[in-house]
Amino acid sequence: MITELATHQYIKRDSHEVITERPTADKAVHFLYHNLRESAPAMFRMLTSARISSLLAFCRYDMPMTDKVRGRDLFSCIGAKWQECLEPLAYYDSYRKVFERQIRYWEARPMVEEVSRVVAPADSRLLIGSLAGTSNLFIKNKYFDLEELLGPSRPWCNRFKNGDFAVFRLTPDKYHYNHMPVSGRIVDMYDIDGRYHSCNPSALIAMASLFAKNRRIVTIINTDVESGSQIGLVAMIEIVALMIGDIVQAYSEERYDRPGPVEPGMMVRRGCPKSLFRPGSSTDVVLFEPGRIRFADDLIDNSRRQDVQSRFSRGLGKSLVETDVLARSDIAGPSLTRPQF
(Lines give C-alpha, C1' and ligand atoms only; values in the text may rest on other atoms or scores of the structure.)
Protein backbone atom coordinates (compact mmCIF):
# COMPACT_ATOMS: atom_id res chain seq x y z
CA MET A 1 0.00 0.00 0.00
CA ILE A 2 1.38 3.45 -0.94
CA THR A 3 1.55 5.83 1.99
CA GLU A 4 1.07 9.57 1.54
CA LEU A 5 4.03 11.13 -0.25
CA ALA A 6 5.93 13.86 1.56
CA THR A 7 6.07 17.30 -0.05
CA HIS A 8 9.36 18.13 -1.73
CA GLN A 9 10.36 21.75 -2.31
CA TYR A 10 13.42 23.57 -3.63
CA ILE A 11 14.54 27.20 -3.97
CA LYS A 12 14.81 29.08 -7.25
CA ARG A 13 18.17 30.80 -7.10
CA ASP A 14 17.34 33.93 -9.08
CA SER A 15 14.05 34.79 -7.34
CA HIS A 16 14.53 33.00 -3.95
CA GLU A 17 11.05 31.56 -4.51
CA VAL A 18 10.17 28.26 -2.83
CA ILE A 19 8.80 25.83 -5.44
CA THR A 20 6.92 22.61 -4.77
CA GLU A 21 8.23 19.87 -7.07
CA ARG A 22 6.00 17.21 -8.55
CA PRO A 23 8.51 14.49 -9.46
CA THR A 24 7.80 12.43 -12.58
CA ALA A 25 5.93 9.17 -11.84
CA ASP A 26 6.16 9.95 -8.13
CA LYS A 27 3.69 7.33 -6.92
CA ALA A 28 5.19 4.62 -9.12
CA VAL A 29 8.72 5.39 -7.90
CA HIS A 30 7.56 5.46 -4.28
CA PHE A 31 5.91 2.07 -4.72
CA LEU A 32 9.00 0.64 -6.43
CA TYR A 33 11.46 1.77 -3.72
CA HIS A 34 9.31 1.53 -0.60
CA ASN A 35 7.12 -1.51 -1.30
CA LEU A 36 8.35 -3.67 -4.16
CA ARG A 37 12.04 -3.41 -3.19
CA GLU A 38 11.35 -5.29 0.05
CA SER A 39 8.47 -7.54 -0.96
CA ALA A 40 9.73 -8.65 -4.39
CA PRO A 41 13.50 -8.02 -4.67
CA ALA A 42 13.90 -10.06 -7.88
CA MET A 43 11.27 -7.97 -9.67
CA PHE A 44 12.85 -4.80 -8.25
CA ARG A 45 16.24 -5.77 -9.73
CA MET A 46 14.62 -6.50 -13.08
CA LEU A 47 12.86 -3.12 -13.17
CA THR A 48 16.12 -1.27 -12.49
CA SER A 49 18.09 -3.20 -15.12
CA ALA A 50 19.56 -1.72 -18.30
CA ARG A 51 17.10 -3.60 -20.53
CA ILE A 52 13.98 -2.32 -18.75
CA SER A 53 15.44 1.18 -18.51
CA SER A 54 16.03 1.21 -22.29
CA LEU A 55 12.50 -0.06 -22.94
CA LEU A 56 10.99 2.66 -20.77
CA ALA A 57 13.11 5.26 -22.57
CA PHE A 58 11.91 4.04 -25.96
CA CYS A 59 8.27 4.20 -24.90
CA ARG A 60 8.72 7.67 -23.41
CA TYR A 61 11.03 9.31 -25.95
CA ASP A 62 10.98 7.39 -29.25
CA MET A 63 7.41 6.32 -29.92
CA PRO A 64 6.00 7.97 -33.07
CA MET A 65 4.30 11.31 -32.36
CA THR A 66 1.03 12.56 -33.79
CA ASP A 67 1.05 15.71 -35.90
CA LYS A 68 -0.80 17.49 -33.12
CA VAL A 69 1.98 16.94 -30.57
CA ARG A 70 5.18 18.55 -31.78
CA GLY A 71 7.24 21.72 -31.58
CA ARG A 72 5.85 24.22 -29.11
CA ASP A 73 3.53 21.64 -27.51
CA LEU A 74 6.43 19.31 -26.70
CA PHE A 75 8.27 22.09 -24.91
CA SER A 76 5.11 23.17 -23.07
CA CYS A 77 4.51 19.62 -21.85
CA ILE A 78 7.78 19.56 -19.93
CA GLY A 79 8.15 23.28 -19.18
CA ALA A 80 11.29 23.87 -21.27
CA LYS A 81 12.22 26.98 -23.28
CA TRP A 82 12.37 26.53 -27.05
CA GLN A 83 13.52 30.12 -27.56
CA GLU A 84 17.09 29.34 -26.39
CA CYS A 85 17.55 26.35 -28.73
CA LEU A 86 19.88 26.29 -31.73
CA GLU A 87 17.47 24.48 -34.03
CA PRO A 88 14.22 26.07 -35.27
CA LEU A 89 11.02 25.06 -33.50
CA ALA A 90 9.86 22.91 -36.45
CA TYR A 91 12.85 20.58 -35.91
CA TYR A 92 11.50 19.28 -32.61
CA ASP A 93 9.06 16.53 -33.51
CA SER A 94 9.93 14.05 -30.73
CA TYR A 95 10.60 14.08 -26.99
CA ARG A 96 14.10 12.75 -27.68
CA LYS A 97 14.99 15.76 -29.82
CA VAL A 98 13.69 18.07 -27.10
CA PHE A 99 15.62 16.16 -24.45
CA GLU A 100 18.89 16.19 -26.42
CA ARG A 101 18.53 19.80 -27.51
CA GLN A 102 21.49 22.11 -27.94
CA ILE A 103 21.11 25.68 -26.76
CA ARG A 104 22.92 28.98 -27.28
CA TYR A 105 24.62 28.51 -23.93
CA TRP A 106 27.14 31.27 -24.65
CA GLU A 107 24.17 33.65 -24.46
CA ALA A 108 21.63 31.82 -22.28
CA ARG A 109 24.11 30.48 -19.67
CA PRO A 110 26.60 33.31 -18.95
CA MET A 111 29.69 32.49 -16.90
CA VAL A 112 31.86 34.50 -14.49
CA GLU A 113 35.30 35.31 -15.89
CA GLU A 114 37.51 34.27 -12.96
CA VAL A 115 38.96 30.86 -13.80
CA SER A 116 39.20 29.99 -10.09
CA ARG A 117 35.40 30.04 -9.75
CA VAL A 118 33.68 26.65 -9.97
CA VAL A 119 30.59 26.56 -12.18
CA ALA A 120 27.60 24.23 -12.23
CA PRO A 121 28.01 21.45 -14.80
CA ALA A 122 24.29 21.29 -15.60
CA ASP A 123 20.86 22.83 -15.26
CA SER A 124 19.85 21.05 -12.08
CA ARG A 125 18.68 21.05 -8.48
CA LEU A 126 21.84 21.41 -6.38
CA LEU A 127 22.49 20.00 -2.93
CA ILE A 128 25.82 20.86 -1.28
CA GLY A 129 27.57 19.16 1.62
CA SER A 130 30.80 18.11 3.27
CA LEU A 131 32.29 14.78 4.30
CA ALA A 132 34.27 16.48 7.10
CA GLY A 133 32.81 16.11 10.58
CA THR A 134 34.11 19.58 11.53
CA SER A 135 32.14 21.32 8.78
CA ASN A 136 28.77 23.02 9.21
CA LEU A 137 27.84 21.34 5.91
CA PHE A 138 28.67 17.85 7.20
CA ILE A 139 26.42 15.08 5.92
CA LYS A 140 27.11 11.67 7.37
CA ASN A 141 27.77 8.91 4.81
CA LYS A 142 24.12 8.18 4.07
CA TYR A 143 24.04 9.92 0.71
CA PHE A 144 26.86 7.97 -0.88
CA ASP A 145 29.82 5.84 0.10
CA LEU A 146 32.93 7.62 -1.18
CA GLU A 147 35.04 4.51 -1.84
CA GLU A 148 32.17 2.74 -3.58
CA LEU A 149 31.30 5.85 -5.60
CA LEU A 150 34.84 6.30 -6.95
CA GLY A 151 35.57 2.59 -7.27
CA PRO A 152 37.45 0.59 -4.59
CA SER A 153 40.29 -0.32 -6.94
CA ARG A 154 41.10 3.32 -7.75
CA PRO A 155 43.59 5.51 -5.82
CA TRP A 156 41.43 8.63 -5.46
CA CYS A 157 39.37 7.99 -2.34
CA ASN A 158 41.98 9.29 0.12
CA ARG A 159 42.36 12.53 -1.82
CA PHE A 160 38.66 13.39 -1.37
CA LYS A 161 38.17 12.02 2.15
CA ASN A 162 36.76 14.84 4.36
CA GLY A 163 36.28 16.96 1.25
CA ASP A 164 33.24 18.86 -0.03
CA PHE A 165 30.68 17.69 -2.55
CA ALA A 166 27.92 19.03 -4.77
CA VAL A 167 25.09 16.86 -6.11
CA PHE A 168 23.35 18.09 -9.27
CA ARG A 169 19.99 16.36 -9.81
CA LEU A 170 18.66 16.74 -13.34
CA THR A 171 14.96 16.35 -14.08
CA PRO A 172 13.47 15.43 -17.49
CA ASP A 173 12.70 19.06 -18.40
CA LYS A 174 16.33 20.16 -18.04
CA TYR A 175 18.93 20.88 -20.71
CA HIS A 176 20.96 17.64 -20.56
CA TYR A 177 24.43 18.61 -21.75
CA ASN A 178 27.07 18.57 -19.01
CA HIS A 179 29.69 21.33 -18.96
CA MET A 180 33.13 21.35 -17.38
CA PRO A 181 32.94 22.78 -13.82
CA VAL A 182 36.66 23.70 -13.73
CA SER A 183 39.71 24.16 -15.93
CA GLY A 184 42.60 21.72 -15.69
CA ARG A 185 44.24 18.57 -17.00
CA ILE A 186 42.47 15.19 -17.11
CA VAL A 187 44.49 12.70 -15.05
CA ASP A 188 42.07 9.75 -15.04
CA MET A 189 38.74 8.75 -16.55
CA TYR A 190 36.90 5.46 -16.20
CA ASP A 191 33.49 3.79 -16.40
CA ILE A 192 31.95 1.85 -13.50
CA ASP A 193 29.12 -0.53 -14.35
CA GLY A 194 25.91 -0.50 -12.34
CA ARG A 195 22.13 -0.30 -12.45
CA TYR A 196 19.59 2.32 -13.53
CA HIS A 197 17.87 3.64 -10.41
CA SER A 198 15.58 6.66 -10.41
CA CYS A 199 16.89 10.00 -9.11
CA ASN A 200 13.50 10.84 -7.61
CA PRO A 201 14.09 12.11 -4.02
CA SER A 202 12.06 9.18 -2.64
CA ALA A 203 14.42 6.71 -4.30
CA LEU A 204 17.55 8.55 -3.12
CA ILE A 205 16.37 8.46 0.50
CA ALA A 206 15.14 4.86 0.39
CA MET A 207 18.48 3.42 -0.75
CA ALA A 208 21.68 4.31 1.05
CA SER A 209 24.50 5.11 -1.37
CA LEU A 210 22.22 4.89 -4.41
CA PHE A 211 24.61 6.93 -6.56
CA ALA A 212 27.35 4.37 -6.02
CA LYS A 213 25.02 1.62 -7.29
CA ASN A 214 24.26 3.17 -10.68
CA ARG A 215 26.39 3.05 -13.81
CA ARG A 216 28.68 6.08 -13.83
CA ILE A 217 31.65 7.74 -15.49
CA VAL A 218 34.35 9.23 -13.24
CA THR A 219 36.61 12.02 -14.47
CA ILE A 220 39.51 13.25 -12.32
CA ILE A 221 40.78 16.75 -13.14
CA ASN A 222 43.99 18.33 -11.81
CA THR A 223 43.34 22.06 -11.61
CA ASP A 224 46.75 22.92 -10.09
CA VAL A 225 48.32 23.34 -13.53
CA GLU A 226 49.04 26.31 -15.74
CA SER A 227 45.73 27.90 -16.84
CA GLY A 228 43.91 25.67 -14.36
CA SER A 229 41.43 26.73 -11.69
CA GLN A 230 44.01 26.18 -8.89
CA ILE A 231 41.70 24.37 -6.45
CA GLY A 232 43.33 20.95 -6.33
CA LEU A 233 41.95 17.71 -7.68
CA VAL A 234 38.29 17.68 -8.71
CA ALA A 235 36.26 14.55 -9.42
CA MET A 236 33.23 14.80 -11.71
CA ILE A 237 30.97 11.75 -11.62
CA GLU A 238 28.26 11.47 -14.27
CA ILE A 239 25.60 9.02 -13.10
CA VAL A 240 22.92 7.37 -15.20
CA ALA A 241 19.40 7.01 -13.86
CA LEU A 242 16.09 5.56 -14.94
CA MET A 243 15.62 5.72 -18.76
CA ILE A 244 19.19 6.93 -19.42
CA GLY A 245 20.54 4.93 -22.31
CA ASP A 246 24.04 6.37 -22.48
CA ILE A 247 26.43 9.15 -21.52
CA VAL A 248 27.99 10.44 -24.73
CA GLN A 249 31.34 12.19 -24.24
CA ALA A 250 31.29 15.21 -26.56
CA TYR A 251 33.85 17.78 -25.42
CA SER A 252 33.94 20.94 -27.55
CA GLU A 253 36.26 23.92 -27.13
CA GLU A 254 34.06 26.17 -29.28
CA ARG A 255 30.30 25.92 -28.82
CA TYR A 256 29.31 22.40 -29.98
CA ASP A 257 31.82 22.28 -32.84
CA ARG A 258 33.98 19.20 -33.45
CA PRO A 259 32.89 17.20 -30.38
CA GLY A 260 35.32 14.56 -29.22
CA PRO A 261 36.13 12.20 -26.34
CA VAL A 262 37.60 13.31 -23.03
CA GLU A 263 40.90 11.50 -22.45
CA PRO A 264 43.68 11.47 -19.82
CA GLY A 265 46.36 14.06 -20.53
CA MET A 266 44.16 16.59 -22.29
CA MET A 267 43.54 20.13 -21.01
CA VAL A 268 39.90 21.10 -20.56
CA ARG A 269 38.32 24.51 -20.14
CA ARG A 270 35.72 25.49 -17.60
CA GLY A 271 32.24 25.96 -19.08
CA CYS A 272 32.81 23.93 -22.27
CA PRO A 273 30.36 21.14 -23.15
CA LYS A 274 31.67 17.78 -21.88
CA SER A 275 28.97 15.18 -22.43
CA LEU A 276 25.32 14.46 -23.11
CA PHE A 277 22.95 12.32 -21.07
CA ARG A 278 20.54 10.45 -23.35
CA PRO A 279 17.74 10.44 -22.22
CA GLY A 280 15.72 10.48 -18.92
CA SER A 281 16.66 11.79 -15.50
CA SER A 282 20.25 11.78 -14.27
CA THR A 283 22.73 13.16 -11.74
CA ASP A 284 26.21 14.69 -11.50
CA VAL A 285 28.33 14.58 -8.36
CA VAL A 286 31.38 16.86 -8.09
CA LEU A 287 33.94 16.19 -5.32
CA PHE A 288 36.57 18.59 -4.01
CA GLU A 289 39.65 17.99 -1.87
CA PRO A 290 39.32 19.14 1.77
CA GLY A 291 39.89 22.83 2.42
CA ARG A 292 40.21 23.85 -1.24
CA ILE A 293 36.84 25.51 -1.98
CA ARG A 294 34.06 27.47 -0.35
CA PHE A 295 30.54 27.29 -1.72
CA ALA A 296 28.71 30.51 -2.62
CA ASP A 297 27.05 32.13 0.39
CA ASP A 298 23.53 31.98 -1.03
CA LEU A 299 23.85 28.23 -1.63
CA ILE A 300 25.02 27.70 1.96
CA ASP A 301 22.15 29.80 3.31
CA ASN A 302 19.59 28.01 1.13
CA SER A 303 20.79 24.57 2.17
CA ARG A 304 20.07 25.35 5.84
CA ARG A 305 16.67 26.99 5.49
CA GLN A 306 14.07 25.70 7.92
CA ASP A 307 10.99 26.93 6.04
CA VAL A 308 11.37 24.61 3.01
CA GLN A 309 9.84 21.12 3.02
CA SER A 310 12.58 18.90 1.62
CA ARG A 311 12.39 15.11 1.54
CA PHE A 312 16.14 15.11 2.13
CA SER A 313 15.65 16.95 5.43
CA ARG A 314 13.21 14.30 6.61
CA GLY A 315 15.20 11.38 5.29
CA LEU A 316 18.67 12.43 6.45
CA GLY A 317 17.84 14.06 9.76
CA LYS A 318 18.86 17.70 9.18
CA SER A 319 17.95 20.68 7.04
CA LEU A 320 19.04 19.81 3.49
CA VAL A 321 17.50 21.98 0.79
CA GLU A 322 18.22 22.07 -2.94
CA THR A 323 18.72 25.21 -5.02
CA ASP A 324 17.74 25.28 -8.69
CA VAL A 325 20.82 26.38 -10.66
CA LEU A 326 21.72 26.90 -14.31
CA ALA A 327 24.65 25.31 -16.12
CA ARG A 328 27.83 27.46 -15.98
CA SER A 329 26.51 29.51 -13.04
CA ASP A 330 28.89 30.33 -10.19
CA ILE A 331 28.72 27.88 -7.27
CA ALA A 332 32.08 28.04 -5.43
CA GLY A 333 35.51 29.63 -5.25
CA PRO A 334 38.89 28.97 -3.65
CA SER A 335 38.88 28.70 0.15
CA LEU A 336 41.92 30.96 0.62
CA THR A 337 39.84 34.15 0.71
CA ARG A 338 37.07 32.77 2.94
CA PRO A 339 37.93 29.74 5.08
CA GLN A 340 35.24 27.06 4.96
CA PHE A 341 35.52 25.87 8.56
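Which residue of β16 does F295 stand opposite? This tour of a predicted model begins with that pair and then moves through two further groups of strands and a pair of cysteines.

**Stop 1: the sheet that contains β16**

Select F295 and A332. F295 stands opposite A332, which belongs to β16. Now extend the selection to β14 and to β16, residues 330-334; three bridges join these two strands, which run antiparallel. Add β3 as well, and an open sheet of three strands appears, in the order β3-β16-β14 and with antiparallel pairing. The edges of this sheet are β3 (118-119) and β14 (293-295); each has a single partner strand, so one side of each is left without a neighbour in the sheet.

**Stop 2: the sheet that contains β12**

Next, select β6, β12 and β10. They form an open sheet of three strands in the order β6-β12-β10, again with antiparallel pairing. Here β6 (177-179) and β10 (246-249) stand at the edges; because each has a single partner strand, one side of each is without a neighbour in the sheet. Look along the sheet to see the twist, which averages 25° from one strand to the next.

For a closer view, keep β10 and β12 (residues 273-278) on display. Four bridges join these antiparallel strands. Within this pairing, V248 stands opposite L276 of β12.

**Stop 3: strand β4 and its partners**

Move to residues 124-130, which make up strand β4. Is this strand enclosed or open to its surroundings? Seven of its seven residues are buried, so β4 is largely enclosed by the rest of the structure.

In a regular strand, the side chains alternate between the two faces of the sheet. Colour the two sides of β4 separately: S124, L126, I128 and S130 lie on one side, and R125, L127 and G129 lie on the other. Both faces are covered, as the residues on each side are all buried.

Then display the partners of β4. With strand β15 (residues 323-325), β4 pairs in the antiparallel sense over three bridges; the bridge partner of L126 in β15 is T323. With strand β5 (residues 164-170), β4 also pairs in the antiparallel sense, over six bridges. In β5, D164 is the bridge partner of S130.

**Stop 4: two cysteines**

Finally, select C85 and C272. C85 is buried, with a relative accessible area of 3%, and C272 is buried too, with a value of 4%. How many disulfides does the structure hold? The count is zero. A disulfide is a covalent bond between the sulfur atoms of two cysteines.

Technical notes
Residues numbered from 1 in each chain as written. Predicted model: local features only at pLDDT ≥ 70, side-chain atom pairs only at ≥ 80, totals over all residues. Heavy atoms only, no water. Pairing = 2+ DSSP bridges. Axes fitted to C-alpha atoms, helices over the stretch in contact; angles between N-to-C directions. Buried < 20%, exposed > 50% of the residue type's maximum accessible area, 1.4 Å probe, protein only. Disulfide = S-S within 2.5 Å.
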